Amino acid sequence: MYRRAYVLLIGVTVVMGVLALAASISLDRPLVDPEGFLGPSWLRLPLLLFAALLADMLPRYFWEAKGHPVQGWAAMKKRWHTHWNRDRLTLNVLGIVCFYVTYVSYRNLKSFLPFITGDKKYDRELHVLDRAMFMGHEPANVLHAMFGTGVSAHVLSYIYLWFLPLVPIGVAVFLVWSRNIAFGYWFVTSQVLIWTLGTASYYALPTLGPGFRYPWLYADLPESGTSALMESLFYARKGVIHDGVEGAVQSVAGFASLHTGVTLLVALMVQYTVRNQIVKIVFWVNFGLTVIATLYFGWHYVADDIAGIAIALVSFYVGGLASGQKFTKHGLRSYPTSATAEIPTASASPADSSDRE
């Protein structure tokens with residue numbers, strides 16, 4: 001029996017990989033594995049998974065066994081056989097490989113954007129739309145007046161930059177600790193989908209973003225990690241496009257906002273799969289503040305955030321269907337139809353929704 005999650009994961013990954021390879025050959029530009037949190041993608045994801053594995057096993061050695069080595073090894077062995085079964089190992093290998101290939105393809109296709117789409121940008125149109133939605137005012141001026149440009153700027157900067165480790169950490173957590181295998185597939189499938197749809201949106205409506213197109217609107221902001229990041233992206237883009245720098249990527253593209261989309265996707269996954277109410281609130285607050293930060297610092301137009309929300313909802317829902325999730329009450333609740341990787345299976349009852357992370 002075909003497993004829909006497998007088919008969608010592998011299918012989308014292959015499409016992204018082929019597109020990136022075809023663009024690389026056509027433009028005669030090499031594919032690059034971009035640096036990021038904890039180093040390049042090929043290194044940081046396995047490192048995070050290994051760290052999560054240790055975090056899963058070591059407490060059983062020290063706490064459950066109360067310091068007795070023999071009992072500690074027995075506890076770890078039991079955990080390995082009960083949790084790290086064939087389905088779990090398949091999920092981790094398939095999930096990390098597909099996410100890695102998709103993400104690296106995304107970064108390269110984003111870098112190739114100026115060479116494929118040319119100089120045509122739609123910043124002016126989206127800027128006019130922003131002013132119309134803010135009754136003739138600049139969104140930047142409104143938000144700077146509302147939140148100030150002091151401590152709030154640094155707080156929002158940390159919130160915005162938290163996105164960088166959030167993605168690989170989220171992948172590792174859901175692959176390792178999802179009590180129901182279906183939730184792990186749901187998360188990683190949705191992630192693969194949103195990065196793919198985000199890539200398509202860059203090509204559908206190329207923009208730089210207000211911070212790059214209208215930098216004077218953000219001149220009153222203090223120096224922060226976010227301003228340093230924006231400056232580094234500006235020079236990286238200049239190096240790739242004009243200076244012929246090799247081994248680097250340009251990462252400037254505004255529509256749609258994947259900061260908005262991915263943080264919403266994570267909040268939705270937490271809402272539907274985690275029991276703890278405080279954790280749910282934390283991730284919803286993180287999503288809300290991230291949306292504000294995208295506009296406050298000039299990373300995105302309002303339309304970018306709206307599009308990011310749309311592709312997050314599509315990715316979340318399609319990923320849920322592919323991983324055997326059953327939505328009820330107009331999609332406001334759900335329950336898995338399988339406790340293993342056998343997707344789909346016989347229908348389950350809503351009572352099974354208690355099997356959460």
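Begin by selecting Trp-195, which is buried in this predicted model, with a relative accessible area of 3%. Now add Tyr-106 to the selection, a residue that also counts as buried, at 4% relative accessibility.

The structure holds 22 aromatic pairs, and the rings of Tyr-106 and Trp-195 make one of them, with their centres 4.8 Å apart and their planes at 65°, so the pair is edge-to-face. Colouring by helix helps here, since the pair links distant parts of the chain: Tyr-106 belongs to helix α4 (residues 86–117) and Trp-195 to helix α9 (residues 181–204), 89 residues apart. Widen the selection to Phe-99, Tyr-103, Phe-163 and Tyr-202, which together with Tyr-106 and Trp-195 form one aromatic cluster.

Next, select Tyr-272 and Phe-327, an aromatic pair that is edge-to-face, at 6.3 Å centre to centre and with 65° between the planes. Tyr-272 lies in helix α12 (residues 258–273) and Phe-327 in strand β1 (residues 325–328), so this pair ties together parts that are 55 residues apart in sequence. Tyr-272 counts as buried at 11% relative accessibility, and Phe-327 is buried with a relative accessible area of 15%.

Then move to Lys-280 in helix α13 (residues 277–296), which at 12% relative accessibility counts as buried. Leaving aside neighbours within four places in sequence, Lys-280 is in contact with Val-270, Gln-271, Val-274 and Arg-275.

Finish at Leu-31, in the loop between α1 (4–27) and α2 (41–64), where this residue is partly exposed, with a relative accessible area of 43%. Not counting residues up to four places away in sequence, the residues that Leu-31 touches include Leu-21, Asn-108 and Phe-112, and the C-alpha atoms of Leu-31 and Leu-21 are separated by 7.4 Å.

Note on methods: Residues numbered from 1 in each chain as written. Predicted model: local features only at pLDDT ≥ 70, side-chain atom pairs only at ≥ 80, totals over all residues. Heavy atoms only, no water. Helix = DSSP H or I, 4+ residues; strand = E, 2+ residues; numbered from the N terminus. Buried < 20%, exposed > 50% of the residue type's maximum accessible area, 1.4 Å probe, protein only. Contact = heavy atoms within 4.5 Å. Phe/Tyr/Trp six-rings, centres within 6.5 Å; stacked < 30°, edge-to-face > 60°.
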